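Here is a friendly look at charged contacts and surface character in one protein model. Have the structure open as you read along.

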Amino acid sequence: MVSAGWGWLVEAEDFSLEYVDCRGEVHSGPFEAMWSTRFEAAGQVRTFPSYRGQRNFPGWYWAATSGELVGFESWVELGHLMRLDSEPDVVAVAAARLVARWRGCERRRTGLGR
């Protein structure tokens, strides 16, 4: 059990990941079962919205690390992508490749780097 600092306890089985493989099939399971998954090879689980009057700045960044375009939703994310891309220990960079879920919270979270 882990205390999240908000007065409630979190169990490892409360967390799960969901991703779409390169064939378009959806996979989900606990964090422990996903350690070996190459999320950079997975498909995007969502798109980056773009509309008139939008306050953030979505776009695409050419990552030398992966040799492909990586999407971002803001200049803050672009800065993180550029930093990850310049680190020699980083072997892959991806955006919107997974959904992290946990019981008791309906918010969706996505991963950025690996």
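A residue counts as exposed when its relative accessible area is over 50%, as buried when that value is under 20%, and as partly exposed in between. The model is a predicted one, so please read the values with that in mind.

Let's begin with Trp 60, which sits in strand S5, spanning residues 59–63. Its relative accessible area is 53%, so Trp 60 is exposed. Together with Trp 62 and Leu 69, Trp 60 makes a nonpolar surface patch of about 390 Å².

Now for the charged side chains. How many salt bridges are there? The count comes to three, and here they are with their N to O distances:

| Salt bridge | Distance, N to O |
|---|---|
| Asp 21 and Arg 23 | 3.2 Å |
| Glu 25 and Arg 23 | 3.6 Å |
| Glu 87 and Arg 83 | 3.0 Å |

Which residues are linked in a network of salt bridges? They are Asp 21, Arg 23 and Glu 25. Arg 23 pairs with Asp 21 and also with Glu 25. The surroundings of these residues are worth a look: Asp 21 is buried at 10% relative accessibility, Arg 23 is exposed at 62%, and Glu 25 is partly exposed at 40%.

The pair of Glu 87 and Arg 83 also joins through a salt bridge. Here Glu 87 is partly exposed, because its relative accessible area of 28% lies between the two cut-offs, while Arg 83 is exposed with 56%.

Note on methods. Residues are numbered from 1 along each chain as its sequence is written. This is a predicted model: local features need pLDDT of at least 70, side-chain atom pairs count only at pLDDT 80 or more; totals for chains, interfaces and linings use all residues. Side-chain values use heavy atoms; hydrogens and water are left out. Patches are made of residues with over 30% relative accessible area and no salt bridge: like charges are joined within 9 Å, nonpolar side chains (Val, Leu, Ile, Met, Phe, Trp, Tyr) within 5 Å. Accessible areas come from the Shrake-Rupley method with a 1.4 Å probe; for residues, only the protein chains shown count as cover. A salt bridge is a side-chain nitrogen of Lys or Arg within 4 Å of a carboxyl oxygen of Asp or Glu. Helices (H or I, at least four residues) and strands (E, at least two) are DSSP runs, numbered from the N terminus. Buried means under 20% relative accessible area, exposed over 50%, partly exposed in between (1.4 Å probe, protein chains only).
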